[in-house]
Amino acid sequence: MNIDQIIKSKIVEAVQALYGQTIQADSVQIQNTRKDVEGDMTVVVFPFLRISRKSPEQTATELGEYLKSHVGAVDDFLVVKGFLNLLISKAYWVTVLEDAANNQEFGLTPANENSPLVMVEYSSPNTNKPLHLGHIRNNLLGYSIGEIIKANGNNLVKTNIVNDRGIHICKSMYAWQKWGEGKTPENTGVKGDHLVGDFYVLFDKHYKAEISELMASGLSKEEAEQQAPSIVAAREMLLKWEARDPEVIKLWEMMNQWVYDGFDITYKELGVDFDKIYYESDTYLVGKEEVLRGLKEGLFHQREDQSVWADLTADGLDEKILLRSDGTSVYMTQDIGTAKLRFNDYKIDKMIYVVGNEQNYHFQVLSVLLDKLGFDWGKGLHHFSYGMVELPHGKMKSREGTVVDADDLMAEMVDVARRTSEELGKLEGYSDDELAETYKTIALGALKYFMLKVDPKKNMLFNPEESIDFNGNTGPFIQYTYARIRSVIRKAEASGIQVTKKLDVALSISEKEQELIKSLSLFPAAVKEAGDTYSPAIIANYIYSLVKEFNQFYHDHSILGEQDEAIRNFRLVLSQTIANVVKSGMNLLGIRVPERM
RNA sequence: GCCUCGGUAGCUCAGUUGGAUAGAGCAACUGCCUUCUAAGCAGUAGGUCAUGGGUUCGAAUCCCGUCCGGGGUACCA
């Protein structure tokens, strides 16, 4: 039981003893005491005034007296403006540190074979273009939320649904066939996903030119868009693909492989991975079967043009198309198929989709449709809906070339990390491999922390010029603090200092040290809240404030220079424990920490 | 039009679910390296929490209206 819970339960007792009424422990409000007021924690007494029928000051005093005499950890209290501020004993805080220091899994709840199985879908790229900044946010959020789910006592399966079929894929294929001149990643040296993306852009260029030409010859915009030779050819290719035309399939397999090879590199660089990858080309037919079954069972209806629709007006939604008039699948169709396959493959207790908030409506519909089709997990699916990444000029548009490419961005950040490190010159003696590793750790730490520290639900702005910062509230600042602690620990080891994790409760610790232990004790709650609210930002902000406080302590107190051996030992244990929490917290964000930087 | 999410310092973001004098970072200015890593620490300045009402002991937070912005409302994904 932590101090919060102890105080809450004792307040319940106190209210019962003093005023003869029963209240719920959860209703007791406890908060951190303001920095400018003396005290460690504060009980808000205003809600009890109705019960006590006394002034805030008097009520607070009576409750304070009760806590002081009934809770060992409460040394004293003071009442300010009707708030009851408690002073917690130093001995209590020392035992809190001791517990945390002796628990390698502090703050984490490991899963066992009986724990729930959670599947997280993230990334979900199209195979017609390389990954960009928007995908980065998705991947980082998906990976991190997976780690947080694991840390909260769940088993995890990370999955990816690859959008490998459809008209957009055929556009790249057609452009390559027509204007590709036999180019391959091998003979051009261009990364496969980029090469395919180039042809996607090339397609659009020709397509637009054709449209203007047709419009100049008198066609309306709509007619021109439908009749342009390129789009006609791409559509034809899609039909051939669905008919399994050997030549088209061969082309499709070749170009998709280029993309997969490219993605593998990007994923590896980003540090994300998957336990199971699904391909839309394998799932869309399953979805189609399910829709036809639903049609037969009268859940859906068919229009005169043969298209199939679901009427969801009774659920407060609109009518939704499930199969086109030519019988081909739409996005929704394949999501139904993918869901079915997944639940056949795994015993999933909870399904989480990491997909942008532009698809909120889509998932609302999917949930209802799955439910109608008789899948009892349909209603329980969770759409982890995150905001868009905007650039200073506005939204990213891949066809207009205003995207921030994932590979380019990472390479650029590694370069900045390298230059900064070289300037500071603290990595002497490192091998080339160690240097490269450290630059990458810092660069990705900066990028990941930048994207994960903001509330996932909100849109965020990425300014390429300003966002690559290594000072202040950034990943490198946190990594730096870790490296500092590691440096001290190494020095202690080198000079033969023995550290014992058995601490003396009578130790006289400073205000700042007590603050630090209090911050440490908040880690488990941060992990839980991050899990409950699906928010890596909670973890990021927690680590930042912990580390900020540590740096203040580090500045004002000498660790190795401390003459009193018991205090020196205490400070080493404190520092080491903070380093551990920083490391496991950063791990929940998918960020590594360096030994030196 | 309808649905939905948002608006907090010049900029980027927090704000513990209704609590005390709204906090960080960046940018600007000022100090601190002969001492465990200055990617650090300390300080100055910067606010009508979009706006008008309401609810109560108490509102950035809850409710209603208005203004501004994002997204959705496709036989695109």
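These notebook entries record what I looked up in a predicted model of protein chain A with RNA strand B.

**Entry 1. The chain as a whole**

I began with the secondary structure and found 21 helices and 14 strands in chain A. I then took the extent along the principal axes: the C-alpha atoms fill a box of roughly 90 × 65 × 45 Å. Of the 597 residues of chain A, 52% count as buried. I also looked up the exposed surface, which comes to about 28000 Å² for chain A, with 49% of it supplied by carbon and sulfur atoms. For the contacts in chain A with a separation of 6 or more, I noted that 74% join residues 24 or more positions apart.

**Entry 2. The surface near the RNA**

I next asked which residues come nearest to RNA strand B. There are 67 residues around the strand, and N163, D305, K426, Y480 and H557 are the nearest of them. By type, the residues of this surface divide into 25 nonpolar, 24 polar and 18 charged. I listed the elements that each supply at least two residues of the surface: among them are the strands β2 (41–44), β4 (83–88) and β14 (460–461). The helices α15 (406–424), α17 (475–494) and α20 (536–556) also each supply at least two.

From the side of the RNA, I looked up which parts of the strand lie within 4 Å of the protein. Sugar or phosphate accounts for 60% of those atoms, and the rest belong to bases.

**Entry 3. Single polar contacts**

I recorded three distances between chain A and RNA strand B. Y480, already listed among the nearest residues, has a polar side-chain atom 2.5 Å from a sugar or linking oxygen of the RNA. The side chain of T42 has an N or O atom 2.9 Å from a base nitrogen of RNA strand B. At I559 the backbone is involved instead: one of its N or O atoms lies 2.9 Å from a base nitrogen of the strand.

**Entry 4. The strand that carries T42**

I returned to β2 and asked whether its faces are covered or open. Both faces are covered, with M41 and V43 buried on one side and T42 and V44 buried on the other. I then looked up the partners of β2. Strand β1 (residues 30–32) pairs with β2 in the antiparallel sense over three bridges, and I30 stands opposite V43. β4 also runs antiparallel to β2, joined by four bridges. In that pairing T42 stands opposite N85 of β4. I closed the entry by noting that T42 is thus buried in β2 and also has a side-chain atom 2.9 Å from a base nitrogen of RNA strand B.

Definitions and conventions. Residues are numbered from 1 along each chain as its sequence is written. Chains are lettered from A and ligands numbered from 1 in the order in which they are written. This is a predicted model: local features need pLDDT of at least 70, side-chain atom pairs count only at pLDDT 80 or more; totals for chains, interfaces and linings use all residues. Side-chain values use heavy atoms; hydrogens and water are left out. A residue is near a molecule or strand if one of its heavy atoms lies within 4 Å of it. A polar contact is a pair of N or O atoms within 3.5 Å; within protein, one must be able to donate a hydrogen and the other to accept it, and residues adjacent in sequence count only if both atoms are side-chain atoms. Ala, Val, Leu, Ile, Met, Phe, Trp, Tyr, Cys and Pro count as nonpolar, Asp, Glu, Lys and Arg as charged, and the others, Gly among them, as polar. Buried means under 20% relative accessible area, exposed over 50%, partly exposed in between (1.4 Å probe, protein chains only). Two strands pair if DSSP finds at least two bridges between them. Contact means heavy atoms within 4.5 Å. Accessible areas come from the Shrake-Rupley method with a 1.4 Å probe; for residues, only the protein chains shown count as cover.
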